[in-house]
Amino acid sequence: MSERRIKLSQAPQHELETQPRPLQDALRWLSPYEDELSGVVEIFVTQRAYLFCQDHADSDLHHEVGGVLVGQVHRAEDGRTYIVVEDAIQAQHTDYGPTHLTFTQDSLVQLNNELEDGYPGKRMVGWYHTHPRMDVFLSSYDTWLHTSLFGKPWQVALVIEPFAGRGGFFCYQSGGQLDPHYYAGFYEMADVSFESVVSWENLEPDENEQGAME
Ligand SMILES: [Zn+2]
């Protein structure tokens, strides 16, 4: 393996650019916990990224698999931060058992190199991993990993349960804490199809905020 970088260090810090939320052609998916949450970031996900993560999740139903979420961070006109998950990169060289996934030093190097080489100008906006035959939550190890490697306030953790077809995003709350059980939904962006591609049965479309998608 290359010895270029071993940390998930980011591009140099710069002010977040103010841009309107990409609400056109977006469909909001709500988790059962939205009222309990005060997340510091809103989450937009392209269908391409969603399908990439879902396909990866479906590819191994016996072990946890995962990777990183790649995209943009912006500030909306009202000052709130939002991320756009545009792509994802599968982690190689992970250590895994049936109940946990670890990014090894080699996988951190691989993910960082692929980000720099393949997605110039984009940032790691979080990570994803699967919990086959478990629920959608963060284990104490997951929480440790998230706060250690993905400590920016706008970095999120996506957990997918491929058997039951469930998923949700965990993000830092306004007090800086991370709730390991309450997950958030997201906005699905219609970059592939005007028909929704979201298959998680634990999320409901927001009836009050219908965009162009059916
Ligand atoms: Zn986990």
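Me: In which loop does D25 have its place?
Reply: In this predicted model, D25 is a residue other than glycine whose phi nevertheless takes a positive value, near 60°. With 14 C-beta neighbours inside 10 Å, D25 counts as partly exposed, because a residue is called buried only from 20 such neighbours and exposed at 12 or fewer. The place of D25 is in the loop between β1 (17–18) and β2.

Me: Where does R133, with its positive phi, lie, and is it buried, exposed or partly exposed?
Reply: R133 is not a glycine, yet its phi is positive, at about 60°, and the residue lies in the loop between β8 and α3 (140–149). It has 13 C-beta neighbours inside 10 Å, and since the exposed class ends at 12, R133 counts as partly exposed.

Me: Which residue of β12 is the bridge partner of W29?
Reply: Strand β2 (residues 26–30) is mostly covered, with four of its five residues buried. On β11 (residues 186–189) it is joined by four bridges in an antiparallel arrangement, where R28 stands opposite Y187. Strand β2 also pairs with β12 (residues 204–205), again in the antiparallel sense, over two bridges. In that second pairing the bridge partner of W29 is P205.

Me: Which residue of β5 stands opposite V41?
Reply: Strands β3 and β5 run parallel and are joined by five bridges. Within β5, the residue that stands opposite V41 is T81.

Me: Which residue in the turn of the hairpin formed by β4 and β5 has a positive phi?
Reply: Strands β4 and β5 pair in the antiparallel sense over nine bridges, and H74 has Y82 in β5 as its bridge partner. The two strands form a hairpin with five residues between them, and the turn residue with a positive phi, about 95°, is G79.

Me: Within what arc do the buried residues of α1 fall?
Reply: The 13 residues of helix α1 (residues 47–59) should span 18 Å at 1.5 Å a residue, and its end C-alpha atoms are indeed 18 Å apart. The buried residues in α1 are A49, Y50, C53, Q54, H56 and A57. Seen down the helix axis they line one face of α1, because they fall within an arc of 160°.

Me: Which residues are exposed on the other side of α1, and what does the cover over its buried residues include?
Reply: On the side of α1 away from its buried residues, D55 and S59 are exposed. What covers the buried residues of this helix includes β3 (41–46), β4 (66–75), β5, β8, β9 (156–161) and β11.

Me: Which strand gives the most to the largest nonpolar core?
Reply: Nonpolar side chains in soluble globular proteins tend to be buried together. Here the largest nonpolar core has 50 residues, of which I43, F44, L69, I83 and V156 touch the most other members. The strand that gives the most to this core, with six residues, is β5 (residues 81–90).

Me: Which residues does I43 touch, leaving out those up to four places away in sequence?
Reply: I43 is one of the members of the largest nonpolar core that touch the most other members. Leaving out residues up to four places away in sequence, its contacts are I83, V85, V156, F169, A184, F186 and Y187.

Me: What separates the C-alpha atoms of T130 and V65?
Reply: T130 lies in strand β8 (residues 123–130) and is buried, because 27 other C-beta atoms lie within 10 Å. Not counting residues up to four places away in sequence, T130 touches A57, E64, V65, G66, I160 and P162. Although T130 and V65 are 65 residues apart along the chain, their C-alpha atoms are separated by 5.6 Å.

Me: Which residues of α2 are buried?
Reply: Helix α2 (residues 105–118) has 14 residues and reaches 20 Å from its first C-alpha to its last, close to the 20 Å expected at 1.5 Å a residue. Its buried residues are S107, V109, Q110, L111, N112 and L115.

Me: What share of the contacts in the chain with a separation of 6 or more comes from residues 24 or more positions apart?
Reply: The secondary structure of the chain comes to three helices and 12 strands, and buried residues make up 38% of its 214 residues. Among contacts with a separation of 6 or more, the share from residues 24 or more positions apart is 73%.

Methods
Residues are numbered from 1 along each chain as its sequence is written. This is a predicted model: local features need pLDDT of at least 70, side-chain atom pairs count only at pLDDT 80 or more; totals for chains, interfaces and linings use all residues. The expected span of a helix is 1.5 Å times one less than its number of residues. Two strands pair if DSSP finds at least two bridges between them. Two residues are in contact if their C-beta atoms, placed from the backbone, lie within 7 Å. A nonpolar core is a set of buried Ala, Val, Leu, Ile, Met, Phe, Trp, Tyr and Cys residues joined through C-beta atoms within 7 Å. The arc is that of the directions from the helix axis to the C-beta atoms.
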